[in-house]
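Got the viewer open? Take a walk through this one with me, one selection at a time.

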Amino acid sequence: MLARMSNSTTVTGSDLAAGSVVPDQGLGSLLGQHRGPLTVDDDFLVLDDPIEQEDFCHPVQVDGRELQEAVLMVQGMYCPACSETVEAALGGRRGVESVRVHAATRRVTLRWDPAQTLLSALARNVGQSGYRLLPMRQALSVEERLAETRLLMWRLFVAGFCTMQVMMYSWPFYITEPGEIPYVYDQLLRWANWMLSVPVVLFSSMPFFQSAWRDLRHGRIGMDMPVSIGILVTFIASTGSTFDPTGVWGHEIWFDSLTMFVFFLLGGRYLVSRLRDRTAGALDVLMNRLPEQCERQLADGSFETVSLKRLRVGDVLRVQAGIAFPGDATVLGDSATVDEALLTGESQPVTRLRGQTVVAGSYNLAGTALVRIERLGRETRFAQIVALMEQASTEKPELVKLADRIAGPFLVAVLLSAAFGAWYWWQIDPALAVPIAVAVLVATCPCALALSTPSAMLASAGALAERGILVRRLLAFESLCKIDTVVFDKTGTLTQDRVVLREALVRPGLTAEQALELAWPLASASLHPVSRAIAAQARPAASAAAPDATTATSAAPDAAPQSAPDLVQDVPGAGLVLERAGGGVYKLGSAALCGLDQDQLLAQGLSVADAPCAYLSDEQGWLATFVMDEGVRADAAAAVADLRAMGLQVHLLSGDKVGAVQRVAQQLGITQVVSEASPERKLEVVAALQAQGAQIAMVGDGMNDGPVLARAQVSFALGHGAPLTQSQSDLVVQSGRLSELVQTIGQARRTMRILKQNLVFSASYNGSMVPLAIAGFVPPWLAGLGMALSSFVVIGNALRLSRLPDFPAPDPALLPVAAFTR
Amino acid sequence: MESLLLLIPLSVLLVLAIIGVFWWALYNGQYDNVEREGERILKND
């Protein structure tokens, strides 16, 4: 039934929209047939509902075909072997374009052709192999996670409590010689032991059996297979000797070892799952910050609470303090104070005035904000960030792929060596054969090895994401450690993408501050970049001078900007004219507007030729010349110095004019400079450096440097100018702060260091345990403890990456600049 | 010594009973957020 449906049913778009393709009785009979270890009784049809799909799917174009892509959570997946099962269940199906499964985050990125198959059909395929596909939002919801945690805790408690009691019953055997306990009591203790081991085996050990069985049915050997065999062998042998003490099973019982070993394994799994929740937590927090519902204004001005899905562009919303904005929106009230840490990585209140935009996912900090929705869902930058993080987290680094490949043969070797150990010891002392075989099975399980790489990379990516640094490819960590050269683009990277005031030349008798005060009313009335640069410098001066206007010179009798009736006229393409209410006309703009002769000013040294200038004049003529400059980012010099200190070469590669590039290079102390480079020339320069063996990190604004970014080993995009989905860089530094570039390289180095520690630790753990176990030095309970502890150590070590060390708080002195550049 | 014939089976039943009590506590949500009580002193209400 299932095969027929997914292989031969052709589904049209309209069918899909109507949700009428799968007949009801078909669904019922399918669920009846399901034999997976998990109870899959979902209403799969929900997965095909177009409104629900908006949440977790998005269309992609491949070779002119309309495909759907979704990132889904796979419930019941624990190890790389599981991920193969899921991949096998989905891959090769009709209509399935690509499948990527990631065990550590339990996510799958699935791309399918909606014209050929339905998501519900695919979910049923996966359901039959014993796993469950959930949309991300649902998977992360409290109930799902709660149910999973509760069950795991319940299993753990049963194992733990029974272990304690089984140990009590076993104690007499430890302190007596065989035959010292009267036969009746001896049997009584054995039965009591058996009674309390049954729940441990039949209930607590279920996850191991389920996953081993799942692998077996697919003809593979999974990580839980040796563990399951170990549990079963010990239990059967001990049961046999309990009820037939003189029989073939011998007289020994190992219930204490068995229960304790299960308890340790479950304890390890419980802790690992909690740690993993925390590792993925940073990403989840980022992804799940939108509110479930919001308050929409009705025609009569009252508010109704509606679900996020019902929102449409143009709706007016009331957003309470502490709630995230559900979409990109325009502020309708006087102002809103928001936290845009999502974009900048810096939790700092930012004021947005009436008519300005707030972004989806940023928090409203103070008061109730009234906003009009401009963009929703996939259109928002927030959605782009989430999509990008989801993609990156399902990516498989090379090391993981290698681990997946060797896992199968390795486990076969484990089984063989356990069999060898059992056979060898059977000849020496049959009583030792079972515990030694079990110890070998358990001690060699490569759980820690499988966890070491993905846990480190995900912890690191999560930590960086909290700072607004997005890692598009986890592999970038690896390449980032190898780089020896950093190549910067200039515009938008080392410099701001706007002008700043370099200096002010003023009329004799006037100070620069006074000139700026005079220019403020003009400059603040315009959004022209030059005006904004002047206004940014003038504002502090004007407000500082206001309380002490008596000391102002006659040139500026009433400089305070609050003289309201002043009239500012915008002369397009030329500048601004201010007619002061108390008399007097000031002009700010080009030389022509101000009635000045530029050549004459140049000759007098009152203007400069190599930079854009703006002039200020009154009725008496020239007042001041404002010389503009590209602003070098405040932290650029420090960042370049830090990169040098890390042993990296710094190059500057720009398409700009020689003079401008040289000025920036000199300020920053960069000696290797290429200017006036076309995109092709940039590519040549980078390729030439690579030919000399350089490993290059390219830093650009993500918009104009596509080919070069792609060519370099690692690429950074700075700032949030470019749409994330289009930028080609491996890493995106959203705040645009160059210091975070340095920190990211540092973090990548730490990541690789910890990753190597993990690999060395887990490989040497497994390597040293095998001979010890075969030699009979490791009892099964110790092997279980070792296995749990080694996984725990690996994850714990990786978690150290989730905090960035000495990430400096932004220098307070730079904050006004930072506030303005935003 | 004969008392052990009664006490050991009783202790087995007791263990099973305690496990049952824990099941009740767990599925009533007592362990869902173990940090909650600790965090409560930080809250205003």
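## Stop one: a sheet in chain A

Select β7, β6, β8, β14, β9 and β12 of chain A: in that order, these 6 strands make an open sheet with antiparallel pairing. Now look at the edges, where β7 (303-307) and β12 (357-358) of chain A sit; each has a single partner strand, so one side of each is left without a neighbour in the sheet. Keep in mind that you're looking at a predicted model.

Zoom in on two of those strands, β9 (residues 328-331) and β14 (residues 369-375) of chain A, which pair in the antiparallel sense over 4 bridges. To see one of the bridges, pick A:T330 and look across to A:R372, its partner in β14(A). As background, strands in a sheet pair through backbone hydrogen bonds, in either a parallel or an antiparallel way.

## Stop two: A:A366

Next, click A:A366, which belongs to strand β13 (residues 363-366) of chain A. Is A:A366 buried, exposed or partly exposed? It has 13 C-beta neighbours inside 10 Å, so A:A366 counts as partly exposed. Setting aside neighbours within four places in sequence, A:A366 has contacts with A:A321 and A:T337. Try a distance label too: from the C-alpha atom of A:A366 to that of A:I323 you should get 9.9 Å, with their positions 43 residues apart along the chain.

## Stop three: a covered strand

Move on to strand β21 (residues 613-618) of chain A, which is mostly covered, with 5 of its 6 residues buried. Add strand β20 (residues 585-589) of chain A to the selection: β20 and β21(A) pair in the antiparallel sense over 3 bridges. Show side chains for A:L588 and for A:L616 in β21(A), as these two stand opposite each other.

## Stop four: helix α25

Now select residues 679-691 of chain A, helix α25. How far apart should the ends of this helix be? At 1.5 Å a residue, its 13 residues should span 18 Å, and the end C-alpha atoms are indeed 18 Å apart, which agrees. (The expected span takes 1.5 Å times one less than the number of residues.)

Colour A:K682, A:V686 and A:L689, the buried residues of α25(A). Then turn the view to look down the axis of α25(A): the buried residues fall within an arc of 60°, so they line one face of the helix. Flip to the other side of α25(A) for A:E680, A:A688 and A:A691, which are exposed. After the helix ends, stop at A:G693, which follows α25(A) and has a positive phi, near 95°.

## Stop five: zoom out, then find chain B

Show chain A whole and you have 29 helices and 27 strands to look at. Of its 822 residues, 45% are buried. If you draw a contact map for chain A, count the pairs at least 6 apart in sequence: 68% of those contacts join residues at least 24 apart.

Now bring up chain B, with 2 helices and 0 strands. Just 2% of its 45 residues count as buried. Where the chains meet, 13 residues of chain B are in contact with 15 residues of chain A. What is the side of chain B that touches chain A made of? Its residues divide into 12 nonpolar, no polar and 1 charged.

Last, colour chain B by confidence: the mean pLDDT is 83, and 84% of its residues reach 70 or more. For the complex, the predictor gives an ipTM of 0.89 and a pTM of 0.59.

Definitions and conventions: Residues are numbered from 1 along each chain as its sequence is written. Chains are lettered from A and ligands numbered from 1 in the order in which they are written. This is a predicted model: local features need pLDDT of at least 70, side-chain atom pairs count only at pLDDT 80 or more; totals for chains, interfaces and linings use all residues. A residue is buried if 20 or more other C-beta atoms lie within 10 Å of its own, exposed if 12 or fewer, and partly exposed in between; C-beta atoms are placed from the backbone. The arc is that of the directions from the helix axis to the C-beta atoms. Two residues are in contact if their C-beta atoms, placed from the backbone, lie within 7 Å. Two strands pair if DSSP finds at least two bridges between them. Ala, Val, Leu, Ile, Met, Phe, Trp, Tyr, Cys and Pro count as nonpolar, Asp, Glu, Lys and Arg as charged, and the others, Gly among them, as polar. pLDDT is the predictor's confidence in each residue, from 0 to 100.
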